[in-house]
Amino acid sequence: MAERLSTYSPNQVSVVITHEATGIAHIVTGFSEDSIVSIERNAETFTLYRGADDTKTRIYNSDSSATIMIPLQQTSNSNDILTDLYEFDRATLNSTGLFSIQIKDLTGRSTYFAAEAYIAIVPNSAFSNSMELREWSIHASSLDTYIGGNSRFSQDDANAVGALGGSIAPQWTP
């Protein structure tokens, strides 16, 4: 069976921060040249336990927290928004500084969403004769994740997704 041609466009990756307490919704812009966003789970979902007698058990961990790294150009106006969110959170200390974050590949099916996130630490800063980056570390207490592809499904793949309980939007069907 022939592979389907996929399309990915880096400028179609969207990072949106919504802060309920102030009513702002901000589309993050000014990403670094080489990286837009990275998302890393803070714990493995299953870990393997090995007994002295070579019995094995996998142990489920319900931790769905994650760390999201967003490297921005030093000139990005999103640095101002993130700095002010950080300062708002530090000043209030009552959870009104929490914000939601959604990351989506608009040319594919990958989506990530956290209803409660916060800036873990402000980035280090440097100034030089070239563009420097501000790498923002955002902690998400619980991240909903769907890692999908960027091409239409073959009939076999569509059947497999359906058998696993997934659904396929019409634009991706064979």
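Biologist: Buried means under 20% relative accessible area. With that cut-off, how many of the residues of β6 are buried?

Modeller: Six of its eight residues are buried, and that leaves β6 mostly covered. Keep in mind that this is a predicted model.

Biologist: Noted! Which strand does β9 pair with over eight bridges?

Modeller: That would be β6, and the two run in the antiparallel sense. β6 covers residues 66–73, while β9 covers 133–140.

Biologist: And what about β3, how many bridges join that strand to β6?

Modeller: Four bridges, again antiparallel, with β3 spanning residues 38–41. In that pairing S38 stands opposite M69 of β6.

Biologist: Back to β9 for a second. Which residue of β9 does I68 stand opposite?

Modeller: I68 faces I138 across the pairing. I119 also stands opposite I138. That second partner fits with β8 and β9 being paired in the antiparallel sense over four bridges.

Biologist: I138 keeps coming up. What else is I138 in contact with, apart from its sequence neighbours?

Modeller: Leaving out residues within four places in sequence, the contacts of I138 include I17, A66, I70, F99, I101 and A117. T67, Y118 and A120 are on that list too, along with I68 and I119.

Biologist: Which residues touch the most other members of the largest nonpolar core?

Modeller: I68, I70, I101 and I138 do, in a core of 25 residues. As for who supplies the core, β1, β6, α1, β7, β8 and β9 each give at least two residues. In sequence terms, β1 is 13–19, α1 is 78–92, β7 is 99–105 and β8 is 111–121.

Biologist: Is there a general reason why nonpolar side chains would be buried together?

Modeller: As a broad tendency, nonpolar side chains in soluble globular proteins do get buried together.

Biologist: Let's change topic to charges. How many salt bridges does the count come to?

Modeller: The count comes to one salt bridge. The side chains of D54 and K56 make it, at 2.6 Å from N to O.

Biologist: Are those two buried or exposed?

Modeller: D54 is exposed, with 55% relative accessible area. K56 is partly exposed, at 46%.

Biologist: Where does D54 lie?

Modeller: D54 lies in the loop between β4, residues 46–50, and β5, residues 56–60. The backbone there has a quirk: D54 has a positive phi of about 70° although it is not a glycine.

Biologist: Fun. What is the phi of L93?

Modeller: L93 has a positive phi of about 50°, and it is not a glycine either. You'll find L93 in the loop between α1 and β7.

Biologist: Is L93 buried or exposed?

Modeller: L93 is exposed, with a relative accessible area of 73%.

Biologist: One more topic, rings. How many aromatic pairs does the count come to?

Modeller: The count is one aromatic pair.

Biologist: And which ring does R109 lie over?

Modeller: R109 lies over the face of W172, at 4.5 Å from the ring centre. R134 lies over the face of F127, at 4.9 Å from the ring centre.

Biologist: Great, thanks for the tour!

Definitions and conventions:
Residues numbered from 1 in each chain as written. Predicted model: local features only at pLDDT ≥ 70, side-chain atom pairs only at ≥ 80, totals over all residues. Heavy atoms only, no water. Core = buried A, V, L, I, M, F, W, Y, C linked by side-chain atoms within 4.5 Å. Buried < 20%, exposed > 50% of the residue type's maximum accessible area, 1.4 Å probe, protein only. Contact = heavy atoms within 4.5 Å. Pairing = 2+ DSSP bridges. Salt bridge = Lys/Arg side-chain N within 4 Å of Asp/Glu carboxyl O. Phe/Tyr/Trp six-rings, centres within 6.5 Å; stacked < 30°, edge-to-face > 60°. Lys NZ or Arg CZ within 6 Å of the ring centre and 35° of its normal.
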